[in-house]
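Morning, everyone. Please bring up the model on your screens. I will take you through one chain, its contacts, and a few backbone oddities.

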Amino acid sequence: MTLFRALRRPTAAFGAVVVVIWVACALFAGLLAPYDPLISTTALVEPFSRGPDGKLFLLGTDMLGRDILSRLIFGARTVVLWAGLATATAYVVGIVGGLAAGFYRGAVDQILSFAANVILSFPVLVLYILIIVTLGSSGANIVLAVTFASAPAIFRIVRALAIEIREQDFVNAAITQGEGAIRIMLFDILPNATGPLVVDACLRVGYTAITIGILGFLGLGLPPPTPDWGTMVNEGRAMAMVFPYLVIFPCLAISSLMLGLSLLADGLREASREGSRA
Amino acid sequence: MFNFTTLTGGKPHPEVPALAEQFRGGQIDRREFLRTVAWLGVTAASAAAFAGVAPGAALAEEPKMGGVLRIAVAVQEITDPALVSWVEGSNLLRNVVEFLTKVDADNITHPFLAKSWEPSEDLKVWTFQLQPNVKWSNGDAFTTEDVVFNIKRWTDANSKSSNKSSFAAITSVDVKDTLTFSITLNRAILSIPEMFYAYTCPILHRDFDKVGAPWPKNPVGTGPYALAEYGVGQKAIFKRREGYWGKKPYLDEVRYIDLGSEISAHIAALAAGQVDFIARITANDIELVKKLPKVQLLTAHAASTVCIRMQTDQKPFDDIRVRRAVLLAADNAQMVKLAYRDLGVVGENHHVAPFQPEYFKLPAVARDVAGAKALLAEAGYKDGIDLTLVLGNTQGRWEQDTAQVLQQNCAEAGIRVKLNVLPATEYWPIWNKAPFALTFWVHRPLAVMTLDLAYRSTAAWNEAHFKSPEFDAALDKAMAIVDPKQRALAMQAVEKIVQDAAIMVQPFWADKFTAASTRVQGLRLHPSDYHDLTTVHLA
Amino acid sequence: MTRYAAIKLAEALAVMLAVSFLVYLVLEANARDVAVKVLGQFSTEPQRDLWLAENGYNQPFIVRYLRWLWNFVRGDWGVSSHYREPVAVMLPPRLLRTGILAGLALLVMVPASFVLGILAGMREGTRTDRAISFASVVTTSVPEFASAVFLSAIFVFWLGWLPGASTTPGFAWEEVVLPVLVLALYATGYLARITRASMAEVMMQPYVRTALMKGASPARIVFRHALRNALVAPITVIMLQIPWLLSGVIVVEVYFAYKGFGTLLYEASLNGDVALIEACAMVSVLVIVVTQLASDVLYTLLNPRISFARRPDGAA
Amino acid sequence: MTAIVEITDLHIALPKGADRHWAVEAVSLAVAPAEILCVVGESGSGKSVLASAIMGALPRGLRRASGNIRFKGEEITRLPESRLRAMRGRDVAMIFQEPMASLNPAIRVGRQIEEVFEIHAPAMAGAERTSRALDLMREMRLPEPAAMARRFPHQLSGGQCQRVVIAMALAFTPALLIADEPTTALDVTTQARILDLIRNLRAEHGQGILFVTHDFGVVADIADRVAVMRHGRLVEIGAVEQVLNDPRHDYTRQLLAAVPSLTPRVRADTGAAPALRLEGVSKNFGTVRAVDDVTFEVPRGGTVAIVGESGSGKSTLAKAVIRLLEPSAGRVLVEDADFARLGRGELMRRRRLVQMIFQDPHGSLNPNRTVGDVLTRAGVLGGLAAGGARAQAAELIELVGLEPTALQRRPAAFSGGQRQRIGIARALAMRPAIVVADESVSALDVSVQKQVLELLDRLQSRGGLTMLFITHDLRVAAQIADRIAVMQRGRIVEFGRAVQILLSPEHPYTAELVAAAPGRAWQARRAMASTETL
């Protein structure tokens with residue numbers, strides 16, 4: 001419902017289209033990409049031009065002669081997959097903790113909140129760097145790092161929402177009916193928290209994508225040759241002044257994904273605000 | 001018959017006339033001739049006169065004195081100059097401490113702290129005469145005592161310096177007087193004078209160990225500059241000192257600025273005129289540098305390379321078929337083309353460069369993906385094999401790019417290579433430990449110097465764990481031959497052994513690049529990355 | 001009030017304690033690794049054993065931790081294994097440089113974002129609002145590394161107006177322009193959005209209606225009535241954004257070779273410089289904990305409704 | 001008589017997509033000097049929109065389509081904003097429902113009053129502004145004006161805030177004062193005092209007052225004339241006596257009939273055994289004793305109402321009874337078990353015995369579940385098998401007067417009154433021994449309120465429903481309860497039969513509450529009249 005209302009706004013619809021395009025790229029990379037993103041042909045073919053073998057490279061090739069468009073499309077898979085997966089894991093952890101803390105309060109809340117405070121006291125990037133440097137760079141470790149770094153923030157949101165919803169009378173009704181705690185959390189509290197959580201998730205996937213980008217940029221990203229937008233920027237950076245398209249396209253990719261998610265989140269937020277006003 | 005003058009003024013070494021004959025006959029080139037006779041103690045001037053080289057044109061006007069040269073470079077920790085493991089560090093030291101000899105950018109050895117040298121006929125006893133009137137910066141006179149102290153220090157049983165294996169052949173050092181000493185070797189080594197210019201061989205004051213490391217706290221030297229400030233990761237400042245024994249350098253001050261590991265930051269600083277000279281740029285940066293106004297690009301061929309070596313005693317590389325399959329799958333030409341922008345020379349997997357004097361051309365080995373697959377199947381890997389290649393981008397991202405091309409090449413043959421890219425500083429601690437790793441090797445003027453360091457069974461830096469008595473013997477033989485042509489012939493066996501053993505993919509020889517502001521003059525790029533700032537002046 | 005402050009302080013100390021334990025656990029649980037990092041690759045096993053023994057690494061972990069903590073509290077932060085300098089000596093100048101950078105970034109972004117956010121939030125839904133909101137979404141969608149690339153392409157290589165890297169050990173105006181711009185560009189949009197939301201919310205409050213009904217002019221409504229209440233949230237958010245700024249600082253400092261805290265931490269991480277990482281992590285956490293405390297206090301000072309009893313929404 | 005303000009054929013359009021076209025449709029009315037015109041209507045009748053239209057400040061999205069508003073003969077719909085600004089606060093002033101929120105939390109209240117002078121008399125010296133503000137505060141009977149002027153709004157009570165707001169409104173003794181539900185958020189005793197104040201001010205300064213309210217009791221107490229609005233239209237306008245006593249329009253009659261009377265209903269005391277017994281129940285929050293040693297019992301099939309003003313602890317008591325809060329001391333005996341001391345497992349099993357009907361019809365139903373789900377689940381938790389629970393749900397939905405199709409819908413599809421019926425059905429689905437109703441009708445419009453009260457009454461007479469009814473409204477208590485407990489500062493100050501409490505209160509606080517009930521005199525007359533006609 002809220003989604004449809006959100007999509008009536010042109011900016012949100014635009015955002016949704018951008019996000020859908022990237023998700024489609026991630027899902028159907030193999031079908032959409034014109035070339036193999038890992039195979040070198042001719043290095044540094046300019047965008048919209050053909051290599052010596054007559055192949056057309058819409059966005060050019062990188063310094064190893066790999067098609068940039070194909071790498072962007074496969075890079076979407078890396079970014080959307082890992083950012084999505086990492087955010088999802090973080091959400092599972094954050095939701096479980098947040099529901100428990102918000103519902104039970106007391107000692108459970110204090111312990112979990114303290115743990116969250118401790119983790120949130122690290123600047124995010126410092127936390128990522130510590131984890132990646134200690135454990136090495138791999139998709140799984142990125143998921144771990146994101147979970148570790150994001151779960152406390154999600155925990156706080158869920159906890160705040162849970163406390164708020166916990167005060168609503170329908171929860172009190174369920175309690176006085178002798179409903180079990182788990183059922184209350186899952187059927188009464190969680191479904192009513194989804195609005196703000198979906199908005200937050202949109203933004204968080206974006207931030208995670210950016211963070212994966214930053215890690216790639218700092219040379220701590222996924223091991224090569226995995227196509228990854230941040231790493232593409234990092235790789236192309238040295239030559240960016242002469243071959244600007246090497247970095248412009250991946251920068252545009254990551255910015256457009258983030259922009260799409262932000263606009264979508266904005267739209268959803270506005271729409272749910274309207275919905276609650278009506 | 002031409003009369004060669006020697007550094008000592010004595011009779012030239014008996015091999016000199018033969019070399020002159022070969023040069024005349026066109027069997028060896030001019031460069032080779034000049035290099036070899038220089039080792040044998042012939043003065044550069046007389047060798048040049050013989051070879052018909054016009055003496056360097058006198059400078060039109062005397063360069064301007066004064067000024068501060070700012071260099072962007074990593075300012076790392078220096079503990080003991082004999083243990084320096086990175087060239088940049090030696091370049092910093094070079095302003096204060098000096099060497100017995102000096103090898104110029106054309107690989108010709110010149111006198112330095114040693115005024116002259118003279119080998120015995122069998123090349124096993126070398127007599128050196130020191131420069132008189134050299135004073136240490138603390139006022140002491142420079143004598144053979146200092147030299148002996150250093151050589152003993154390098155070759156001591158407890159020495160951790162790579163010099164220990166370089167000079168393992170030294171059996172004794174004999175002091176004749178305060179300015180004369182001789183060293184005795186257990187085998188003939190022709191390149192001894194050149195070896196004294198290795199970056200780990202600066203001559204320290206005889207009392208160095210009394211104060212000890214780290215060097216910045218104990219920076220006594222014979223050089224033209226004195227250390228004024230040293231901040232690891234930040235900067236190092238050297239100021240010209242009075243009382244230098246040699247020609248007064250032009251610059252008042254040399255300032256090294258650490259700009260971090262981002263080469264793009266270095267270039268940006270150069271573009272903005274914040275530094276005058278950046279120590280290192282990579283092939284990927286040169287298009288940009290070429291576009292910058294008031295910036296000069298300096299390039300040189302160099303025998304520096306990456307070795308993607310496999311440890312012969314580690315699984316699965318203990319099976320030569322696996323190693324050979326990797327070599328057959330690798331497309332060295334594509335690696336230089338893509339990863340190094342075609343700014344190098346294709347390597348032949350034996351660590352001897354075509355432009356090195358002792359190079360012998362072996363028959364080309366063609367890339368053979370089918371053959372690689374067959375070998376793998378034979379070795380029991382019908383479904384391909386998974387390998388992890390460790391690398392550290394110690395010289396820049398092109399190392400990783402090289403590895404990525406190799407990764408693609410190998411994939412065609414069913415060899416799935418996973419890249420484990422470590423930060424440079426994390427790589428060096430394990431460079432010789434990983435079974436499959438990519439290591440950068442700096443230029444050395446002679447291939448035998450590198451081979452001696454890296455592939456001799458007992459060598460400290462034998463990262464491939466290559467143990468071959470035939471190789472050791474073949475190398476000994478080649479190292480003792482003065483005649484370059486003969487030496488090249490002897491190298492055939494050496495190269496063949498290395499290539500056949502398939503211990504590494506050595507894809508290409510990487511050209512050297514640096515960039516400097518156009519106001520920096522008199523700078524010549526040394527293939528070993530050694531910076532000689534005594535000739536540099538600012539316009 | 002004192003009680004509240006005392007509780008907050010105790011909480012902050014507990015967090016610091018837990019952080020210190022985590023940091024020590026991650027970095028020094030494996031003593032042998034530490035020895036290799038400190039003594040270097042060429043050290044021998046007996047040397048390492050000796051070093052471990054000399055430095056008390058053979059004691060139980062918890063004893064080591066407590067001793068480390070005690071030293072840390074006394075200001076003995078160990079010696080950097082890479083720079084060979086006492087960490088406590090190295091950090092202050094680096095922090096100062098980063099402080100200058102972050103301070104300048106705040107100086108640019110706070111007024112800019114307040115003006116934009118207020119303009120947009122004053123009249124929700126107008127064209128100005130939509131334009132500002134959209135622009136801030138766009139700028140916050142461009143990560144710092146991307147804007148650093150774009151800005152230096154323009155100002156360093158194309159126009160040649162500004163230096164692309166920091167080389168002076170002291171401070172130079174022209175060197176901080178780009179880093180500050182990159183930091184501010186990203187954060188301004190975010191802060192403007194918060195200001196806008198806060199302003200829009202305040203403009204819907206009954207007391208704004210009261211002011212309108214008093215006959216107050218729009219300027220009076222905005223400056224006298226709305227602004228102070230609307231800025232409470234953004235100002236507290238600024239404090240809470242410091243950790244985030246710190247992350248951005250790492251990227252920007254690395255990119256522009258600015259020798260501040262960010263590059264130090266980054267290089268320390270790459271070099272496995274244990275003592276330095278520990279100190280940097282502790283300092284950054286301290287900065288955050290202190291700013292959060294400050295945010296709480298500031299919130300109370302700015303908002304007479306709250307007397308140290310409740311925390312701002314979303315700042316729980 | 002020249003009207004201060006005269007509205008003719010005013011049409012105000014709602015935004016597109018709203019459920020009706022006009023917020024205000026074809027309204028014509030006028031306010032004379034020294035006259036209080038009450039605009040009465042249920043929620044959504046357009047009465048507040050009308051009020052803001054006079055101020056020339058319609059809420060965003062609303063637009064005047066046609067019609068005129070003349071203020072002292074001047075057409076104000078076409079005035080530029082600057083002229084309107086000059087009028088607001090000087091010639092016309094307005095006060096609102098939420099007194100605390102109407103004041104800027106960050107500015108001292110004295111300054112906020114002074115600001116009116118700053119705006120409209122910029123030449124006035126600062127010292128004079130201050131003294132004028134203090135005078136106003138004194139006139140509003142605010143205690144210690146000098147000290148109070150330096151306080152922030154949150155340091156004042158709701159009534160005090162409303163006095164400050166009125167002080168601001170009256171700073172320039174405007175010709176017209178518009179009051180939009182100014183007492184709705186206040187306790188009855190406070191409400192009575194504010195109404196007094198407004199009456200006195202009118203007497204003193206003679207301004208015309210447009211008073212918007214939903215409460216006929218308030219109307220009876222304050223109005224000279226009454227305008228009744230429904231769906232944006234004016235259905236009736238006339239003198240207060242005529243409208244209250246001889247309404248012309250059916251809708252007015254309906255509304256009047258729904259106004260709860262202070263006259264208690266009389267019911268035979270069944271003398272049944274108690275279903276719920278409270279013994280010394282207390283609840284502390286830190287050092288604050290919210291509920292203090294409460295003891296009383298509710299007989300089976302009977303209703304006890306707990307009446308008190310906000311902060312008296314009545315809701316805390318209700319929550320303690322059903323164990324949404326843990327009582328600090330005392331016993332809550334339900335079927336001879338101490339509900340307050342039950343262990344976790346036992347509590348879960350016995351939860352069904354005590355059920356609650358909540359206040360907020362919007363918050364008491366999970367918006368994500370269908371009514372059928374909610375009722376069936378309640379039946380299951382009440383001990384029925386799934387099939388039985390479904391059947392019971394269907395029965396209950398009919399019992400509370402909703403269509404069977406309601407079971408498939410979600411709460412958003414229902415109005416407030418309907419939701420409250422669903423809430424009742426949910427409580428009954430558990431087959432409880434006792435139902436606690438916490439302000440269950442206070443959020444409803446009077447007509448709906450009446451229906452829900454009737455439903456509860458019907459259920460009770462159908463048998464077996466024992467109720468503890470929490471309310472702030474003595475009139476509601478009179479309609480539903482057999483016995484009334486009056487609560488003040490956590491304590492029961494008086495407990496007795498409804499008739500006795502309402503007609504001959506013993507405790508002074510009870511007496512004060514009864515006296516403050518709006519429209520008491522009118523209701524008494526009405527009660528007499530109705531007995532006479534009988």
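**Chain C and its neighbours**

The domain assignment splits chain C into domain 1 (3-74) and domain 2 (90-302); such bounds come from an automatic or database domain assignment. Some ground rules. This is a predicted model, where local features need pLDDT of at least 70 and side-chain atom pairs count only at pLDDT 80 or more, while totals for chains, interfaces and linings use all residues. Residues are numbered from 1 along each chain as its sequence is written, chains are lettered from A and ligands numbered from 1 in the order in which they are written, and side-chain values use heavy atoms, with hydrogens and water left out.

Now the fold. Chain C has 13 helices and zero strands. Helices (H or I, at least four residues) and strands (E, at least two) are DSSP runs, numbered from the N terminus. Of its 316 residues, 56% count as buried. Buried means under 20% relative accessible area, exposed over 50%, partly exposed in between (1.4 Å probe, protein chains only). Take the contacts in chain C with a separation of 6 or more: residues 24 or more positions apart account for 72% of them. Contact means heavy atoms within 4.5 Å.

Back to the two domains. Their centres, taken over C-alpha atoms, are 34 Å apart. In domain 1 of chain C, 15 residues contact twelve residues of domain 2 of chain C. How much area is buried between these domains? About 1,300 Å², with 84% from carbon and sulfur atoms. Buried area is the accessible area (1.4 Å probe) that two parts lose on being put together, summed over both. The rule finds zero salt bridges across this domain interface. A salt bridge is a side-chain nitrogen of Lys or Arg within 4 Å of a carboxyl oxygen of Asp or Glu. On the domain 1 side, α1 and α4 (61-74) of chain C each supply at least two residues. α1(C) gives the most, with twelve residues.

Next, the contact between chains. Chain C puts in 46 residues and chain A 41 residues. Together they bury about 3,600 Å², 76% of it on carbon and sulfur atoms. Which side chains form the salt bridge? A:D266 and C:R193 do, at 3.0 Å, N to O. The rule finds one salt bridge across this interface. On the chain C side, α1(C) gives the most, with nine residues. By class, that side has 36 nonpolar, six polar and four charged residues. Ala, Val, Leu, Ile, Met, Phe, Trp, Tyr, Cys and Pro count as nonpolar, Asp, Glu, Lys and Arg as charged, and the others, Gly among them, as polar.

Last, the backbone. Most residues other than glycine have a negative phi, and most peptide bonds are trans. Some exceptions follow.

- A cis peptide bond joins B:K315 and B:P316, with omega about -5 degrees. B:P316 sits in the loop between β12 (295-310) and α11 (320-329) of chain B.
- B:R341 has a positive phi of about 55 degrees without being a glycine. B:R341 is in the loop between α12 (332-339) and β13 (344-346) of chain B. B:R341 is buried, at 17% relative accessible area.
- D:D9, also not a glycine, has a positive phi near 45 degrees. D:D9 belongs to strand β1 (residues 5-13) of chain D. D:D9 counts as partly exposed, at 39% relative accessibility.
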